[in-house]
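User: Hi! Could you walk me through the aromatic rings here, one question at a time?

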Amino acid sequence: MAAAKKAVLGPLVGAVDQGTSSTRFLVFNSKTAELLSHHQVEIKQEFPREGWVEQDPKEILHSVYECIEKTCEKLGQLNIDISNIKAIGVSNQRETTVVWDKLTGEPLYNAVAAPVSPGPSDPVAVVPSGSSVPAAGTSSVWLDLRTQSTVESLSKRIPGNNNFVKSLTGGASGGVHCTDVTNASRTMLFNIHSLEWDKELCEFFEIPMKILPNVRSSSEIYGLMKISHSLKAGALEGVPISGCLGDQSAALVGQMCFQDGQAKNTYGTGCFLLCNTGRKCVFSEHGLLTTVAYKLGRDKPVYYALEGSVAIAGAVIRWLRDNLGIIKTSEEIEKLAKEVGTSYGCYFVPAFSGLYAPYWEPSARGIICGLTQFTNKCHIAFAALEAVCFQTREILDAMNRDCGIPLSHLQVDGGMTNNKILMQLQADILYIPVVKPSMPETTALGAAMAAGAAEGVGVWSLEPEDLSAVTMERFEPQINAEESEIRYSTWKKAVMKSMGWVTTQSSESGDPSIFCSLPLGFFIVSSMVMLIGARYLSGMP
């Protein structure tokens with residue numbers, strides 16, 4: 001019997017999407033933006049102390065390894081030739097830090113996620129090619145995505161061989177230690193005007209500059225994929241890694257928000273609302289952050305954005321599942337909420353480790369208020385979905401005040417956008433239309449677009465008409481403006497009641513210093529650095 005004929009498609013582009021709760025590898029058709037196949041692996045989070053979040057670096061690396069292999073297997077089952085994958089991009093969770101030994105490649109501790117703070121926190125690096133070994137220093141900062149072309153180098157330690165990176169890659173000198181401007185801009189060590197590491201800020205934080213990665217654009221060839229012999233997807237060896245964006249910048253690119261004033265909100269573990277401010281930095285007076293949006297090529301200009309972040313979005317659904325057990329799967333939340341269609345006056349503020357934008361209030365803790373004897377798990381489920389929408393409204397209001405021009409609609413993406421009740425609630429609470437693409441994986445799509453458009457690859461055009469496979473679903477407000485405002489004002493009362501729960505004199509863990517040193521202490525230190533570094537960040541004389 002003759003073998004099945006391989007499907008003929010346009011050039012394909014892969015994307016590693018390494019997030020807080022899961023890792024994915026996705027493959028797109030560069031001519032239509034159609035998602036052809038993907039694989040996802042959930043990763044664990046550890047909470048060793050109140051307000052601390054950690055992850056196992058090796059588990060994350062193995063998840064990248066597995067996702068690439070499984071996706072390539074699925075493509076083979078679809079008779080799609082994986083040798084047609086011409087480039088790979090990377091989108092990663094930002095502000096999560098790993099320090100690892102230069103000689104052995106072994107991480108020295110878990111990946112440490114950023115605590116509640118008034119802005120970007122931890123040093124970040126991406127190692128996109130050849131080897132994970134940095135150019136200098138005995139250890140180096142390593143982003144919570146160790147990947148792409150380094151799938152081999154840290155996926156498995158060779159017994160009895162401490163210098164296993166060298167044995168696998170041929171030596172420490174062959175590696176590339178670099179990051180892109182979007183990741184670098186999240187560290188509080190990077191001058192977003194000169195696009196260089198800032199010596200004075202590094203000295204203030206006592207971070208040796210020699211362990212920091214080289215900073216490059218978001219779209220260029222960093223290196224070539226190197227695959228373990230045990231990986232069945234051997235055809236990916238030699239494929240350029242040519243796109244790298246922090247996850248929220250990747251979503252901005254994937255939503256084609258290339259014009260000044262265009263904005264998107266990504267619903268994942270948290271919520272992240274970014275508005276493109278063009279080639280100018282806009283500094284917020286309402287609790288938002290100024291960040292680098294993207295730089296799509298070595299010789300291309302840098303674009304900036306205002307960003308507001310919500311700490312707990314999809315994470316509240318996970319909490320209802322794992323901690324309270326009122327649902328068995330995340331998908332059940334929509335069914336519960338649909339049964340009642342209202343929270344019946346119940347408000348849920350999921351400030352589990354403080355509030356992010358626009359409050360930046362580390363003393364807040366989660367509360368559920370407005371309870372009656374009639375309240376049941378369905379009302380709490382509905383209130384949890386409303387909480388995501390109310391938090392987004394607060395960020396959008398701050399962004400409208402900073403930009404001076406209210407948004408006429410909100411573009412959305414992320415896994416939670418599959419929940420139609422959530423999307424309708426969002427339109428009602430914002431009282432503007434919510435526009436959702438048919439393919440919600442715009443974060444991975446943005447990384448793929450950057451990779452495919454890179455000089456030397458050139459298989460992806462960054463023009464709106466080239467996303468022919470992506471259609472839009474529109475959610476219009478279905479309540480009147482007065483009702484929307486009443487619900488929002490009641491939410492803000494609940495938020496006020498969530499504040500001030502944590503003091504330096506008492507804590508649930510019994511350690512009165514925890515909340516002073518983290519996150520409150522970081523809040524104070526970061527505020528000082530904001531002032532000290534003002535002339536670097538704002539361009540003041």
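User: Before the pairs, how exposed is Phe205?

Analyst: Happy to help! This is a predicted model, where local features need pLDDT of at least 70, side-chain atom pairs count only at pLDDT 80 or more, and totals for chains, interfaces and linings use all residues. Residues are numbered from 1 along each chain as its sequence is written, and side-chain values use heavy atoms, leaving out hydrogens and water. Buried means under 20% relative accessible area, exposed over 50%, and partly exposed in between (1.4 Å probe, protein chains only). Phe205 has a relative accessible area of 22%, so the residue is partly exposed.

User: Which kind of aromatic pair do Phe390 and Tyr488 form?

Analyst: Rings of Phe, Tyr and Trp (its six-membered ring) pair if their centres lie within 6.5 Å; planes under 30 degrees apart count as stacked, over 60 as edge-to-face and the rest as tilted. Phe390 and Tyr488 are 6.5 Å apart, centre to centre, with 20 degrees between the planes, so by these cut-offs the pair is stacked.

User: Are Phe390 and Tyr488 buried or exposed?

Analyst: Both residues also belong to one aromatic cluster with Tyr347 and Trp491. As for accessibility, Phe390 and Tyr488 are both buried.

User: Which residue lies over the face of Tyr488, at 3.9 Å from the ring centre?

Analyst: A charge sits over a ring if NZ of Lys or CZ of Arg is within 6 Å of the ring centre and within 35 degrees of the ring normal. For Tyr488, the residue over the face at 3.9 Å from the ring centre is Arg393.
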